[in-house]
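Hi everyone, thanks for coming. Could you bring the model up on the screen, please?

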Amino acid sequence: MASKDINNQSADELNQHLLDLRKEQFNLRMQKGSGQLTQPHQLRRVRRDIARTKFVLGSKK
């Protein structure tokens with residue numbers, strides 16, 4: 001998700017988005033552990049999206 005899209009969301013929406021990203025990160029880690037991960041670049045994308053979301057959440061407080 002682009003950073004300008006994240007900036008336009010409310011705190012509740014950001015918290016829900018963060019929860020979804022954490023679930024996706026968990027699923028990707030499980031796929032990596034079992035050797036089923038076909039797109040390893042997705043781990044990096046999710047990790048950066050989590051950081052972006054947490055940064056915006058922190059700045060809104």
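Let's start on the outside of helix 3: the face turned away from its buried side carries the exposed residues His-41, Phe-55 and Ser-59. For anyone new to these words, exposed means over 50% relative accessible area, buried means under 20%, and partly exposed lies in between, with a 1.4 Å probe and protein chains only. Helices here are DSSP runs of H or I with at least four residues, strands are runs of E with at least two, and both are numbered from the N terminus.

A word on where this comes from: it is a predicted model, in which local features need pLDDT of at least 70, side-chain atom pairs count only at pLDDT 80 or more, and totals for chains, interfaces and linings use all residues. Residues are numbered from 1 along each chain as its sequence is written, and side-chain values use heavy atoms, leaving out hydrogens and water.

Now turn helix 3 around. Its buried residues are Gln-42, Leu-43, Val-46, Asp-49, Ile-50, Thr-53, Val-56 and Leu-57. Seen down the helix axis, these residues fall within an arc of 160°, so they line one face of helix 3; the arc is that of the directions from the helix axis to the C-beta atoms. Here is the textbook background: an α-helix has 3.6 residues a turn, so residues three or four places apart point the same way.

What do the buried residues of helix 3 pack against? They pack against helix 1 and helix 2, where contact means heavy atoms within 4.5 Å.

Look at Asp-49, also in helix 3. Is Asp-49 buried or exposed? Asp-49 has a relative accessible area of 4%, so it counts as buried. Its side chain makes a polar contact of 2.6 Å with the side chain of Arg-52. A polar contact is a pair of N or O atoms within 3.5 Å; within protein, one must be able to donate a hydrogen and the other to accept it, and residues adjacent in sequence count only if both atoms are side-chain atoms.

Next, helix 2. The buried residues there are Leu-14, His-17, Leu-18, Leu-21, Gln-25 and Leu-28, and they pack against helix 1 (3–7) and helix 3. Gln-25 is buried because its relative accessible area is 16%. Setting aside neighbours within four places in sequence, Gln-25 touches Val-46, Arg-47 and Ile-50. With the same neighbours left out, Val-46 is in contact with Leu-21, Glu-24, Gln-25 and Leu-28. Just after helix 2, Gly-35 takes a positive phi of about 80°.

Which residues make up the largest nonpolar core? There are 11 in all: Ile-6, Leu-14, Leu-18, Leu-21, Leu-28, Leu-37, Leu-43, Val-46, Ile-50, Val-56 and Leu-57. Helix 2 (11–34) and helix 3 (41–60) each supply at least two of them, and the largest share, five residues, comes from helix 3. Such a core is a set of buried Ala, Val, Leu, Ile, Met, Phe, Trp, Tyr and Cys residues joined through side-chain atoms within 4.5 Å.

Finally, let's zoom out. The protein chain has three helices and zero strands. Of its 61 residues, 28% count as buried. The C-alpha atoms fill a box of roughly 40 × 15 × 15 Å along the principal axes. And Ala-11 and Lys-61, 50 residues apart in sequence, are 8.8 Å apart in space, C-alpha to C-alpha. Thanks for listening!
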